Amino acid sequence: MARTDPKKDVVIVGLGWTGAIMGIELASEGLEILALERGPDRSTVPDFKYPEVIDELEYGIRFGFMQRPKNSTITVRRTGDEVAQPMRRLGSFLPGDGVGGAGIHWNGQTWRPMENEYRLRSYVEEEFGAEAIPEDMTIQDWGVTAEELEPYYDRFEYMAGISGQAGNINGKIIEGGNPFEAPRSRDYPLPPLKQTVDAKLFAEAARGMGYHPFPRPAANASEAWTNEYGMQLGPCNFCGFCERYGCINYSKSSPQTCILDALKRYPNFSYRVNSEVLRVDLAPDGQTATGVTYWDEEAQEEVTQSADLVILAAYQLHNVHLMLLSGIGEPYDPQSGEGVTGKNYSYQMNGGTTMFFRDVDFNPFAGAGSVGMAIDDFAINQIDFGAEGFIGGSYIVAGNSNGQPIRGISLPEGTPEWGAGWKQGIGEWYGHSMSIGSHGSCLSYRDCHLDLDPTYTDRHGRPLMRMTFDWKPNDIRMTQFMKRKIEEIAQSMNPDSWQSSFKGEGARYDIRPYQTTHNVGGSIMGTDPNTSAVNRYLQAWGQHNVFVLGAGAFPQNIQYNPTGAVGALAYWAARAIREDYLPNPGPLV
Amino acid sequence: MRTLLNIVLGLVVLGGVALLAFIAVPVQPTPPQQQVAADWQPEEGQGEYAMRLADCAACHTAPGGERFAGGRAIESPLGTIYSSNITPDDETGIGGWSLEDFRAALYDGMRPDGTHLYPAMPYENYRKLTEEDVRALYHYFIEEVEPVQNAAPEADLPFPFDQRWTLRGWKWLALDEPGFRADTDDPVLARGEYIVEGPGHCSACHTPRNAIMAEAAVDTSDEAFLSGGEIAGWTAPALRGPGSAIAGWSQEDLVAIFSTGRNAHAAVNGEMQLVIQDSTQYMSEEDLAAMSAYLVGLNEGVLLERSEDVTETEALIASADPDMPLGARLYIDNCNACHFANGRGADEVFPELDGNSLVTAESPTGLISMILGGSELPSTPKRPYSLRMPGFSDRLTDEEVAELASFVRQGWSNDAAVVSADDVADLRGEAEAKVE
């Protein structure tokens, strides 16, 4: 069974943050747009309705809002000589599913990268010499600068109603903000969230050591907010159910709270759910896309949807998968280093120290996804890579996002893991612990990449995508450096006990425990078609009417959570399409 | 004896003749109230705008039905009335009506065949329409609207209310002089007053009904006008006087609620959502400003009885005392997340409960229905978000809803009567049917 639907001007693959942003920006141009979302529709009421969504078992453990591996997964190996196996259960990262995508179940930590992160290779070469870069490290410049992207970060942050405290407005350092951040043109739209006890204690200790604590920027609204589309957020009530949940309270910035109802008013915009795009169709000469073919779950048939413009706005893994399946860009070959699609897959290097205080009540049930105080004194632009022997950096933060009963309780080392001893430990220690975390960069390497698996296929018969990734000594040295810095702060706080969890020498990537849903690279941006998959406007080098959004564009991972940069790049690409591409369709570079 | 018989017989005959005349002699329709040239044509969009002002769509469109094709059930205390088809369909609509026919419907509640319209059609208010607006509306419905064939069901009223001819007598008693006369010399305020009294027909809901079920007042000069009424069992709050729902609101607050259904204090609920959806969001900035200025003027000198101090209610909630009364506990568990301990919510997103007219309404029907079934705001260009409060009927028993409703009715500065579980039980079925 198959059908062909009438042509559209634009087809958007995926209706999460980037699909919604591109949808509304292009809808305002009057184009006929169809967005295809593989998952179901979702709205605050009824899908995130109180109290049903406050269910840790259903959504925190059983991943109610995530993709199902039986429908969509990858194969994984750590090195080129291993045989990749399918990921049959979610663990290390949690791609979303359905309208809103991962934008519904994130914590809301909304950062801007440091200026030098956009030009990391040039920065290292200039400051520390080309020999500081290990032979197998394939870091690249993005092809855009912080200055160029500033207006688009500003736009994203005001659209999403971010709560925070500026540290550098047009070069002027602002007390209480992050003094090391790239200059911004104005303050955050909303004041910072009120801080939790752990964040206050951490900030005090950090200040005592001469560091510069500032509130972590949050997509959890500190006050009511109305954005440029007239969409609205209500103040966060610190219910402590952000990550893995949709927000009950219209308080977390998401496509639902910030864009979708405004977008749905455009008669020239429509969207279809339960519609998974199988491939991008190319013209016989391969120079342009003609549209997409998708699987209509309700009709149980393949649909050919032609369009003048194809926007890949799915999760990073799925965008790269579609490019590999469709012949967009030369697939990357780690042996020769040739090819671009699938190149420079990267992840995030995190670690943390947990402290126990018998006499402090942390009230962990009151939390928000991005509450917290952070320091950037060990950021990627503050470290002497030559002296420390690694390239990278991290922000360090304390802030209580939740006190959920199944996953949210830390116990001191040595506490039994079950039975009466465990029960006693829970009784003694619930509400008496806090953590300081390091959220660090993860660079790109010659062998870490994405390609098509030679063996396994998905339910549509397509080859699964294969991930080859392992931790590297450079990034482990970075996180060990952060461990030393964090433990100094922790000890200065005089806890009853403390314990650390950082990757150590020889650590191998383990797909099972949750780490972070910050998968990046594979559709990297750049200025050279031989080393990047898309140009600086996220336009495919070989097919000018295909744009690839999302964190796949990062040539290596930043030391921050990716959503801020993902949002800014979406607005950056939207501007290029509206003002430069539509009047004169063709390569923008 | 014979004389007496003749007199009685004579009176009976006379009465019979009078009754026949009452039923059969045509009513003289009200003439135009202003002179407008015979060849006058509305400007582009003027007809549609007049339709928006008069909010014809809300009643004359059935849920899920074709626009203006009628059939919407309108619950009256006497029974169900169905709105008529006002598309220009010859058979089932108003196709073939003359301007005079059309004006008679608006001014006198008459169909061309002499049938009296039930006063669910607000001709008490439409009698004030200017001739230009009548002409604009006529042009719109005859020339611009597509005909739709759809016969609206007959009204379902018991005897004697099903005898439409008796309405002639009702009209003698109920109808005021036709035409609009402003209560002010200020042209802006007068425009606002015209919209409210005339096409906007605000008093159809917001003014109490008198002994014969007519609006107790149709003019600003009468203090009963807009002093609060009822619609479908919900209280339509007073818009002036001591219990005014909009006391203390600024002109901007009023413009916001008319154009978006929400403002810093409140969110519209019940039937008023249809008014925003179909009428006021389309009004021009000038008309919104005029109507709002007029309503602010109506409330001059009405003081808000609300203290800025921490109230006992807020202190009780903040105490987190496990022994607090059930109503307060239910508030914390179900409402506090959005409406907060101080009952003030958040601007334009979460309505205030302290001083909220739905909460403190004499009839608790609206509040109980809201708790049980929730509510969804209409999407408008300025505020597209259809913000939705979930219903709690699946989570709270009748007793719990009653405790909760009583708590908020008496919380903060509110001082309304408590609610019983029976009140809730009556409304639960309705709310659940609505969800399905």
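This text goes through one buried acidic residue, several salt bridges and the interface between chain A and chain B.

The model is predicted, and local features need pLDDT of at least 70, side-chain atom pairs count only at pLDDT 80 or more, and totals for chains, interfaces and linings use all residues. Residues are numbered from 1 along each chain as its sequence is written, chains are lettered from A and ligands numbered from 1 in the order in which they are written, and side-chain values use heavy atoms, with hydrogens and water left out.

E37(A) sits in the loop between β2 (33-36) and α2 (44-47) of chain A; helices (H or I, at least four residues) and strands (E, at least two) are DSSP runs, numbered from the N terminus. E37(A) is buried, meaning under 20% relative accessible area, with exposed over 50% and partly exposed in between (1.4 Å probe, protein chains only). E37(A) has no salt bridge, a salt bridge being a side-chain nitrogen of Lys or Arg within 4 Å of a carboxyl oxygen of Asp or Glu. The nearest side chain of opposite charge, that of R38(A), is 4.9 Å away; Lys and Arg count as positive and Asp and Glu as negative, while His and the chain ends are not counted. A polar atom of the E37(A) side chain lies 3.0 Å from the backbone nitrogen of L15(A).

R38(A) itself forms a salt bridge with D97(A), with the closest N and O atoms 3.2 Å apart. R38(A) is in the loop between β2 and α2 and D97(A) in the loop between β4 (85-86) and α4 (120-128) of chain A, so the pair ties together parts 59 residues apart in sequence. D97(A) counts as buried, at 16% relative accessibility.

Another salt bridge joins E181(A) and R184(A) (3.0 Å, N to O). E181(A) is buried at 11% relative accessible area, and R184(A) is buried at 1%. Over all chains the count comes to 48 salt bridges.

Between chain A and chain B, the buried area is about 2000 Å², with 58% from carbon and sulfur atoms; buried area is the accessible area (1.4 Å probe) that two parts lose on being put together, summed over both. Q232(A), Y250(A) and R265(A) supply 31% of the area that chain A buries against chain B, more than any other three residues. One salt bridge is found across this interface. K49(A) forms a salt bridge with D394(B), where the closest N and O atoms are 3.7 Å apart.

Technical notes: A polar contact is a pair of N or O atoms within 3.5 Å; within protein, one must be able to donate a hydrogen and the other to accept it, and residues adjacent in sequence count only if both atoms are side-chain atoms.
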